[in-house]
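Visitor: I'd like to learn how to read a model like this one. Could we go through it together, one feature at a time?

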Amino acid sequence: MSETRKKMIPIGIEDFAEMRKEDFYYIDKTGLIKDLLQNWGKVNLFTRPRRFGKSLNMSMLQHFFEKGTDQGIFDGLEISKETGLCEKYMGKFPVISVSLKGVSAGNYEAACKMAAGIVREAAMEHLYLLESGKLEKQEKEVFQTMLDIQMQEQAICDSLRVLCSLLQKHYNEKVVLLIDEYDVPLAKAFEHGYYDKMALFAQNMFSQWLKTNHSLQFAVLTGCLRVAKESIFTGLNNLKVLSITDVRFDEYFGFTDREVNELLGYYGLEGAYADIKDWYDGYRFGDAHIYCPWDVLNYCDLLRADPGAPPQDYWSNTSGNDVIRHFIKHAGRGTTKQELERLVAGEAVRKKVRRELTYRDLYSSVENIWSVLFTTGYLTQQGEAEGDVFSLAIPNMEIRKIFTEQIMEYFNEAVKKDGASVEQFCEALQKGDALGVQEHLGRYLKKAVSIRDTFVKKPMKENYYHGVLMGLLAYKEAWAVRSNQESGTGYSDILIELEEEEIGIVIEVKYPDGGDLEKGCQEALRQIEEREYAQQLLDDGMQVVLKYGVACYKKRCRVMAADDRYVCPQ
């Protein structure tokens, strides 16, 4: 008998009706509706990192409140048990739903055109107003102007307030306004250098849409950052902010442990639980411990096709990771550098978090960057906070991988700018000067951000030092450098060929757990001999082969060369 057909995994599905009608697996978050109605706020702002289900939840709200909704798509869900709320609120309101995610232009003028396009799309959802018997001719003419994509700034700012008033007059009901990704226009403006103009525009726009809008039943906004009130929400006294530190609504964005277990059980993937927990769990919103839903769904989808596939990094595809690069650049030396090393080693760092920032302030100081890392999901809360002081830690293996990759990229960029010193390192390596190699490598280890692999279950502690060496060797474009190359009876760490000089170099890296660097070097050299790592270099025609054992422990290193240079007989 064939296996019962399973529901589809909803990768990238943000429309709630599609999710329910097309037989996708849905983790029930409709309890959000009940809590929203019972914990009333005129304007509600939910701030969460990217890819935690904000857009899908906004679509869910739209389909619940909007007149003419297909009420059947809520059958069997948590909210359907609240019959009183459903009778009073389901399908009872006109709804305007917009996403500002698309306002991502490189200049202010283009951004305004994009905003006009979004307003036009919102208006086109209500074309029936042109035939409404409850609207005057002049009101219909005003509505007609909203269909013009060439709207100027003031018309855009007025647009949704006016549309709300027209919808209220047509339906004799106030309007539910949903604004997804409210802060994207500000983020893009900051990135491209027109922030001041966009901040003033957004301040005017949100004031019209949310503050002076007398046709508003209530509004819900979502975004990544809690932008300071004085920046764009001036005078908006009815704003309720629900951030990642709030207990209210804490379980409605992202997956809980119970939900992940049910998902894995449904698809027969229970064996992947430990990996999924290590890689995609670890976030704390309020009192809830949360998995990133985007990562979990993508990995489950991969496992159904390839049961042996290792966990993947899905986060990097949805974010530029600029904040980590800024953080590493600011870290430099001293306390912040040590704190970064502690984070990567799986430890927590206590820091004061500013929960409200303007985009102008994001990268103005390293203290502000700590706050941005926290609010955007690169760091998470551990334990209890003391006021605004939190214990911050990297949430999981996926984010740690992003940190380590960015650290190595930054190191490699710094190497390229330090040509003279790298040249001396390479010259010592070429001459067989083990002491010189050790001296220069040691300097780099002291300057670089150390990555200690104590965070992983099966540590391969040589990897970081291997990466440092590869970063230094990349400077010599004429050298043929190979990593983990099959040679002799095994795989050598690093093989180098200087073709013109006919010199080959073998490097084996060790991390002695007890810190005995000399023993580590001797073990590395013995491995080079026993596994005949030099053989590939000889086969390639190298006349002289130099063999190095490199042992590293934290910031210390020792380099030993084999007593004899292998000289190929003529």
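Guide: Sure, and let's start with burial. A residue counts as buried when its relative accessible area is under 20%, as exposed when that value is over 50%, and as partly exposed in between. Keep in mind that this is a predicted model.

Visitor: Then is Leu-517 buried or exposed, and why?

Guide: Leu-517 has a relative accessible area of 10%, so it is buried. You'll find Leu-517 in helix 21. Its C-alpha atom is 8.4 Å from that of Val-550, with the two positions 33 residues apart along the chain.

Visitor: What about Thr-30, buried or exposed?

Guide: Thr-30 is buried, because its relative accessibility is 0%. This residue sits in a loop, the one between helix 1 (16-21) and helix 2 (31-38). For a long-range distance, take Thr-30 and Gly-308: they are 278 residues apart along the chain, and 34 Å separates their C-alpha atoms.

Visitor: What share of the protein chain is buried?

Guide: Of its 570 residues, 54% are buried. The chain has 22 helices and 16 strands, and its C-alpha atoms fill a box of roughly 100 × 65 × 45 Å along the principal axes.

Visitor: Now backbone angles. What sign does phi usually have?

Guide: Most residues other than glycine have a negative phi. Against that background, look at Glu-532, a non-glycine residue with a positive phi of about 55 degrees. Glu-532 lies in the loop between helix 21 (517-530) and helix 22 (535-539). With 43% relative accessible area, it is therefore partly exposed.

Visitor: Where is Lys-554 found, and what is its phi?

Guide: Lys-554 also has a positive phi, near 55 degrees. It is in the loop between strand 14 (544-553) and strand 15 (556-561). Its relative accessibility is 42%, so Lys-554 counts as partly exposed.

Visitor: On to strands. Which residues of strand 8 make up its covered face?

Guide: In strand 8 (residues 349-352), Val-349 and Lys-351 are on the covered face, while Arg-350 and Lys-352 are on the uncovered one. Strand 8 pairs with strand 10 (residues 389-393) in the antiparallel sense, over 4 bridges. One bridge to look up is that of Lys-352, whose partner in strand 10 is Val-389.

Visitor: How do I read empty space inside a protein?

Guide: The idea is to roll a probe the size of a water molecule over the atoms, which shows where empty space is left. Searching the whole structure this way turns up 5 cavities of 30 Å³ or more. The largest cavity has a volume of about 100 Å³. It is lined by 13 residues, and those closest to its centre are Thr-47, Ser-243, Ile-244, Arg-355 and Thr-375.

Visitor: How many nonpolar, polar and charged residues are in that lining?

Guide: The largest cavity's lining has 5 nonpolar, 4 polar and 4 charged residues.

Visitor: Last topic, the rings. When do two of them pair?

Guide: Rings of Phe, Tyr and Trp pair if their centres lie within 6.5 Å. Here that rule gives 37 aromatic pairs. One aromatic cluster includes Phe-16, Tyr-26, Trp-40 and Phe-218.

Visitor: And which charged residue lies over the face of Trp-294?

Guide: That's Arg-51, at 3.9 Å from the ring centre of Trp-294. Likewise, Lys-447 lies over the face of Tyr-444, at 4.8 Å from the ring centre.

Definitions and conventions. Residues are numbered from 1 along each chain as its sequence is written. This is a predicted model: local features need pLDDT of at least 70, side-chain atom pairs count only at pLDDT 80 or more; totals for chains, interfaces and linings use all residues. Side-chain values use heavy atoms; hydrogens and water are left out. Rings of Phe, Tyr and Trp (its six-membered ring) pair if their centres lie within 6.5 Å; planes under 30 degrees apart count as stacked, over 60 as edge-to-face and the rest as tilted. A charge sits over a ring if NZ of Lys or CZ of Arg is within 6 Å of the ring centre and within 35 degrees of the ring normal. Buried means under 20% relative accessible area, exposed over 50%, partly exposed in between (1.4 Å probe, protein chains only). Helices (H or I, at least four residues) and strands (E, at least two) are DSSP runs, numbered from the N terminus. Two strands pair if DSSP finds at least two bridges between them. On a 1 Å grid over the protein atoms alone, a cavity is a set of points where a 1.4 Å probe fits but cannot get out, and a pocket is an open set with protein on both sides within 12 Å along at least five of seven lines; lining residues have an atom within 4 Å of a point. Grid points are joined across faces, edges and corners, and a volume is the space filled by probe spheres set on the points. Ala, Val, Leu, Ile, Met, Phe, Trp, Tyr, Cys and Pro count as nonpolar, Asp, Glu, Lys and Arg as charged, and the others, Gly among them, as polar.
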